[in-house]
Amino acid sequence: MANERGDAAFVAFEHVQKSYDGETLVVKDLNLNIGKGEFLTMLGPSGSGKTTCLMMLAGFETATHGEIRLAGRPINSVPPHKRGIGMVFQNYALFPHMTVGENLAFPLEVRKMSKSEIESKVKRALDMVQMGAFAGRRPAQMSGGQQQRIALARALVFEPELVLMDEPLGALDKQLREHMQFEIKHLHERLGVTVVYVTHDQSEALTMSDRVAVFNDGRIQQLAPPEDLYERPTNSFVAQFIGENNTLPGSVEAISGDRCTVKLTDGSVIDALPVNVSKPGDRTLVSIRPERVEFRDDRMPADTHKLEAEVLEFIYMGDSFRTRLRVAGNDNFIMKCRNAVDQRRLNAGEKVVIGWNVADCRALDAA
Ligand SMILES: Nc1ncnc2c1ncn2[C@@H]1O[C@H](COP(=O)(O)OP(=O)(O)OP(=O)(O)O)[C@@H](O)[C@H]1O
Ligand SMILES: [Mg+2]
């Protein structure tokens with residue numbers, strides 16, 4: 001069994017379904033292979049089934065249907081202490097009555113390690129998260145970020161082959177979150193451990209992961225490396241969930257190879273890349289990233305279809321300018337331009353001609 005990277009699957013979900021009440025499926029036919037050493041992120045809106053998948057993998061919930069395998073063996077046949085899985089949860093309470101050192105020693109004592117072995121492993125794990133000086137503190141005597149680092153050290157202290165993290169940074173402020181993202185990423189690289197990570201935060205998912213599985217409504221909508229996901233979303237949900245997208249509704253007039261023509265609702269006709277439209281007459285949402293829209297003639301891509309637009313609002317954002325335009329009847333069409341030395345600001349009321357590369361203009365399902 002190999003995943004898209006050609007690695008043998010270390011974790012495999014096969015036709016997994018889950019229902020808590022015996023009626024509604026909160027996970028619907030999940031198929032996912034995770035390679036050894038991979039950093040895989042599950043990203044999706046609230047209630048889409050991410051935690052449920054993690055819980056089934058950890059063995060805290062059982063699948064209603066299908067099979068989950070770890071290193072080739074069905075998870076149910078491996079006793080919990082032999083699964084070699086470390087876990088970090090959002091706000092995961094460390095044992096409050098224990099010191100940091102005792103918290104970290106706990107999973108090792110459960111595994112009946114010798115005292116000297118425990119001591120050296122605890123020290124190593126604390127050094128790994130730069131918390132060596134905190135072994136004697138109790139959780140209440142530390143900041144949120146420090147506690148989260150200890151939770152991370154505790155999940156790693158017994159050298160698990162697989163670490164599951166459910167929104168581990170959700171409770172931290174932005175600066176600390178970014179610092180911890182960096183730290184987790186480096187630990188992953190250094191230890192070569194397989195990580196399954198859950199987050200709501202798309203920039204976290206894009207910056208940390210080898211691959212991202214976008215969940216919605218109990219299904220994986222797209223599974224791809226970050227760049228693919230952002231540059232080449234395969235459906236409207238992913239296009240709108242990851243980053244920002246302008247959408248123009250219309251219907252397909254003709255398709256030939258990697259071009260289709262789409263008639264927009266105001267009657268204008270544009271060229272697009274047919275992504276998941278199949279025949280003339282199909283309803284579609286054409287999607288274009290704001291940063292791929294150009295209004296300056298000297299920068300206009302050669303292969304472009306120009307459209308007239310009216311400037312409705314100019315928003316200064318420091319490093320970039322956002323201009324809200326009326327395009328083909330859409331009053332919320334955003335163009336994002338870098339605040340470059342030679343950039344021109346637009347004013348409300350101005351008429352401009354905009355364009356983009358046809359390849360950046362994706363004809364997706366009319367969800
Ligand atoms: N123990 C449970 N009993 C019944 N229903 C549950 C249980 N746990 C979760 N659910 C339901 O299953 C669905 C998926 O929940 P899950 O916790 O997996 O979502 P999630 O993607 O992790 O969401 P969030 O981002 O909000 O954490 C939700 O509709 C939720 O209400
Ligand atoms: Mg959750």
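**Group meeting: the ligand 1 shell, the sheet and helices 3 and 4**

I will begin with ligand 1, around which we find Tyr20, Val26, Gly44, Ser46, Gly47, Ser48, Gly49, Lys50, Thr51, Thr52 and His200. Please keep in mind throughout that this is a predicted model. If we sort the residues of that shell by character, two are nonpolar, eight are polar and one is charged.

Let me turn next to the sheet, which is open and is formed by four strands in the order 2-1-4-5, with antiparallel pairing. Its edges are strand 2, residues 27-35, and strand 5, residues 73-74, each of which pairs on one side only. Within this sheet, strand 1, residues 9-18, and strand 4, residues 65-70, run antiparallel and are joined by five bridges. For anyone who wants to find the register on the screen, Val11 stands opposite Leu70 of strand 4.

Now to helix 3, which covers residues 115-128. Its 14 residues reach 20 Å from the first C-alpha to the last, and this is close to the 20 Å expected at 1.5 Å a residue. Which residues of helix 3 are buried? They are Ile118, Val122, Ala125 and Leu126, and because these four cover an arc of only 95 degrees around the axis, they sit on the same side of the helix. The other side of helix 3 carries Ser116, Glu117, Ser120 and Asp127, which are exposed. As for what covers the buried residues of helix 3, the answer includes helix 2, residues 100-110, and helix 4. Just after helix 3 ends, Gln130 takes a positive phi, of about 50 degrees.

Since helix 4 has now come up, I would like to end with one of its residues, Gly145, which is placed in this helix of residues 144-156. Is Gly145 buried, exposed or partly exposed? There are 18 other C-beta atoms within 10 Å, and therefore Gly145 counts as partly exposed, given that a buried residue would need 20 or more and an exposed one would have 12 or fewer. When neighbours within four places in sequence are left aside, the contacts of Gly145 are with Leu172, Leu176 and Met180.

To relate this position to where we started, consider Ser48, one of the residues around ligand 1. Gly145 and Ser48 lie 97 residues apart along the chain, and their C-alpha atoms are separated by 27 Å.

Terms used: Residues are numbered from 1 along each chain as its sequence is written. Chains are lettered from A and ligands numbered from 1 in the order in which they are written. This is a predicted model: local features need pLDDT of at least 70, side-chain atom pairs count only at pLDDT 80 or more; totals for chains, interfaces and linings use all residues. Helices (H or I, at least four residues) and strands (E, at least two) are DSSP runs, numbered from the N terminus. Two residues are in contact if their C-beta atoms, placed from the backbone, lie within 7 Å. The expected span of a helix is 1.5 Å times one less than its number of residues. The arc is that of the directions from the helix axis to the C-beta atoms. A residue is near a molecule or strand if its C-beta atom, placed from the backbone, lies within 6 Å of it. Ala, Val, Leu, Ile, Met, Phe, Trp, Tyr, Cys and Pro count as nonpolar, Asp, Glu, Lys and Arg as charged, and the others, Gly among them, as polar. Two strands pair if DSSP finds at least two bridges between them.
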